[in-house]
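Visitor: I am new to reading protein models, and I would like a close look at a single part rather than a quick tour of everything. Could you take me slowly through the charged and polar residues that the record marks, and then through the parts that surround them?

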Amino acid sequence: MSDKESDREQETQNTKANILDKYANRIKTDEFVFKKSKTSKDKSDRATVENVLDPRTIKFLEKLYRNGTITKLNGCISTGKEANVYHAVNETNGKQYAIKIYKTSVLIFKDRERYVDGEFRFRNTKNQHNPRKMIKIWAEKEFRNLKRLHSSGLIPTPEPVALKSHVLCMEFLTENEESPSPKLKDYQFKDTEEVGRFYQQMLVYMRIMFQKCHLIHADLSEYNSIVHKGQLYIFDVSQSVEPDHPMSLDFLRMDIKNVNDYFQRKIQVYPERLVFQFIVNGWDAIKEKTDKNTVLEEENEQTLFQYLESLPLKGEDDSDAGFEDDIFRSMHLVRSLNNLEDRDFQEFADGKITTLNELVQDINLESDSDLSSDSESESDSDLDAESDSASDSEKSWEERDTSLKGKRFEDKDEKKARKQQAKELKQDKRKTKMKKHLKKKLIRKTKK
Ligand SMILES: Nc1ncnc2c1ncn2[C@@H]1O[C@H](COP(=O)(O)OP(=O)(O)OP(=O)(O)O)[C@@H](O)[C@H]1O
Ligand SMILES: [Mg+2]
């Protein structure tokens with residue numbers, strides 16, 4: 001190890017040592033048991049803390065102490081495959097927090113990449129194989145998505161409080177000092193009427209997330225929703241994507257399946273295709289589809305519930321034939337014919353591919369540009385990312401390269417090189433491209 005590295009190693013150990021000295025009695029990482037916490041006088045076990053939290057994590061955690069957000073980390077409430085969640089408290093104002101600390105195990109990144117690739121907001125993300133940098137981006141993604149949902153005022157979520165690199169601090173959902181509010185999977189429903197209400201509420205939130213917040217959850221289930229003060233709260237949005245993500249509609253169909261799978265153990269549910277159309281269709285298309293005795297005014301939660309009431313449940317309506325859930329789920333859905341790869345044309349001709357506009361009308365898949373740059377709305381104190389020597393996408397927000405990206409602002413020879421490259425790309429695409437007249441003939445044939 002070079003001198004420089006060993007100095008750095010030594011410095012890290014020192015940082016860790018004196019942080020632990022300073023906070024030793026206020027950081028516990030073993031399992032947090034609510035009832036016991038009041039009486040437990042047992043000192044935090046320093047050795048456990050040392051092997052659970054690495055020095056960098058402790059350094060970020062310390063920022064939450066120093067800025068007065070928390071005064072004590074009580075222990076771990078969940079060990080997930082991606083992150084551990086800890087309970088923390090501010091003993092002065094009694095506020096309770098959930099501190100989600102992401103893990104750096106590389107194995108998970110394989111699965112995560114598909115959620116980051118293709119996302120407009122993370123187009124500059126490099127270092128996909130650098131675990132430390134990747135967890136920072138992943139935590140930032142969760143923080144920004146949570147902020148977008150929370151600030152919309154339309155979707156109940158835990159309030160996001162701060163992000164320090166891969167350490168995310170948010171409001172802890174609990175109705176008393178004794179226990180966290182239950183996940184949907186553990187919630188004791190009063191009766192089937194209440195189950196039905198929660199089911200419709202979940203579908204309405206999925207539509208609002210898509211239409212107003214321009215997000216698809218992509219891991220929605222009874223495990224990632226909590227019933228708090230009688231309301232359904234949505235969280236765990238690190239993997240959520242915008243509608244322009246190439247796989248957004250596949251993720252949406254997966255969410256619909258998971259939600260239906262949970263509720264149909266208790267009540268009758270709607271066909272997945274109708275749920276998909278409810279979420280993705282523009283409001284005018286929805287109004288058109290309703291029968292004449294359901295008059296809908298402007299879109300709000302009430303009219304959305306009203307529309308759902310008018311929908312046939314699974315099996316009640318034979319127009320569903322040919323669109324059973326498994327067929328709908330396995331359908332190769334493309335956004336429009338221009339998205340069709342040449343090799344798919346034959347499949348399309350054989351009627352095996354459905355274009356989106358055959359399924360829904362006036363769909364808006366464009367991500368709202370001001371929403372997409374939701375980082376601008378972050379207050380710097382929230383996104384106090386660690387600023388080590390890193391590429392643009394890694395710099396903390398204050399230091400990131402603010403020169404405008406895009407064609408208008410590049411210098412001359414870069415522009416020339418880019419044009420040349422685009423020309424070559426077009427040339428070899430043309431070689432494999434299907435001739436226009438053949439494409440037209442195929443489409444005419446399928447329209448008959
Ligand atoms: N704000 C919160 N308030 C109360 N409990 C929370 C909060 N955030 C997370 N939890 C608890 O921690 C658990 C894990 O949180 P989350 O799902 O965000 O992490 P995860 O890494 O995705 O875990 P998993 O892999 O198990 O889904 C939740 O199921 C919930 O029980
Ligand atoms: Mg989760």
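Guide: What follows is a walk from the annotated positions to the salt bridges and then to the aromatic rings. Please keep in mind throughout that this is a predicted model.

Let us begin with the record, where an unreviewed UniProt entry lists Asn224 and Asp236 under "binding site". Asn224 is found in the loop that runs between H7 and strand E6 (225-228), while Asp236 sits in the loop between E7 and H8. With a relative accessible area of 7%, Asn224 is buried, and Asp236, at 12%, counts as buried too. Buried here stands for a relative accessible area under 20%.

What does Asn224 touch, if residues up to four places away in sequence are not counted? Asn224 touches His217, Asp219, Tyr233, Ile234, Phe235 and Asp236, so the list includes the other position named in the record. Seen from the other side, and again leaving aside neighbours within four places in sequence, Asp236 is in contact with Lys100, Glu142, His217, Asp219 and Asn224. His217 and Asp219 therefore appear in the list for Asn224 and also in the list for Asp236.

Among the contacts of Asp236, Lys100 deserves a longer look. Asp236 and Lys100 form a salt bridge whose closest N and O atoms are 3.2 Å apart, and their side chains are also joined by a polar contact of 3.2 Å. This pair links distant parts of the chain, since Lys100 belongs to strand E3 (residues 96-102) and Asp236 to the loop between strand E7 (231-234) and H8, 136 residues apart. Lys100, with 8% relative accessibility, counts as buried, and Asp236, as we saw, is buried at 12%. Glu142 takes part as well, for Lys100, Glu142 and Asp236 are linked in a network of salt bridges.

That network belongs to a wider set, as the structure holds twelve salt bridges. One of them joins Asp186 to Lys185, with the closest N and O atoms 2.8 Å apart. In this pair Asp186 is partly exposed, with a relative accessible area of 37%, and Lys185 counts as partly exposed at 36%.

Another salt bridge is formed by Arg207 and Glu299, where the closest N and O atoms are 2.7 Å apart. Because Arg207 lies in helix H7 and Glu299 in the loop between helix H10 (283-289) and helix H11 (301-310), the pair ties together parts that are 92 residues apart in sequence. Arg207 counts as buried, at 0% relative accessibility, whereas Glu299 is partly exposed, with a relative accessible area of 21%.

Arg207 also leads us from charges to rings, for Arg207 lies over the face of Phe278, at 5.9 Å from the ring centre. Phe278 is one of the residues of H9 that are buried, and this helix is mostly covered, with nine of its nine residues buried. Elsewhere, Lys141 lies over the face of Trp138, at 5.5 Å from the ring centre.

The rings also pair with one another, and the structure holds seven aromatic pairs. In one of them, the rings of Tyr187 and Phe189 have their centres 5.1 Å apart and their planes at 85°, so this pair is edge-to-face; planes over 60 degrees apart are what that word requires. Tyr187 and Phe189 are both buried.

A stacked arrangement is found in the pair of Tyr199 and Tyr270, with 5.8 Å from centre to centre and 25° between the planes. Since Tyr199 is in helix H7 (residues 192-211) and Tyr270 in the loop between helix H8 (248-263) and helix H9 (272-280), this pair ties together parts that are 71 residues apart in sequence. Tyr199 is buried, with a relative accessible area of 2%, and Tyr270 counts as buried at 5%. These two rings do not stand by themselves, because Tyr199, Tyr262, Phe263 and Tyr270 form one aromatic cluster.

To gather the threads, helix H7 holds Tyr199, which pairs with Tyr270, and also Arg207, which forms a salt bridge with Glu299. The loop that follows between H7 and strand E6 holds Asn224, and this brings us back to the two positions listed in the record.

How values were computed. Residues are numbered from 1 along each chain as its sequence is written. Chains are lettered from A and ligands numbered from 1 in the order in which they are written. This is a predicted model: local features need pLDDT of at least 70, side-chain atom pairs count only at pLDDT 80 or more; totals for chains, interfaces and linings use all residues. Side-chain values use heavy atoms; hydrogens and water are left out. Rings of Phe, Tyr and Trp (its six-membered ring) pair if their centres lie within 6.5 Å; planes under 30 degrees apart count as stacked, over 60 as edge-to-face and the rest as tilted. Buried means under 20% relative accessible area, exposed over 50%, partly exposed in between (1.4 Å probe, protein chains only). Helices (H or I, at least four residues) and strands (E, at least two) are DSSP runs, numbered from the N terminus. A charge sits over a ring if NZ of Lys or CZ of Arg is within 6 Å of the ring centre and within 35 degrees of the ring normal. A salt bridge is a side-chain nitrogen of Lys or Arg within 4 Å of a carboxyl oxygen of Asp or Glu. UniProt positions are given in the numbering used here, feature names are shortened, and annotations may be inferred rather than shown by experiment. Contact means heavy atoms within 4.5 Å. A polar contact is a pair of N or O atoms within 3.5 Å; within protein, one must be able to donate a hydrogen and the other to accept it, and residues adjacent in sequence count only if both atoms are side-chain atoms.
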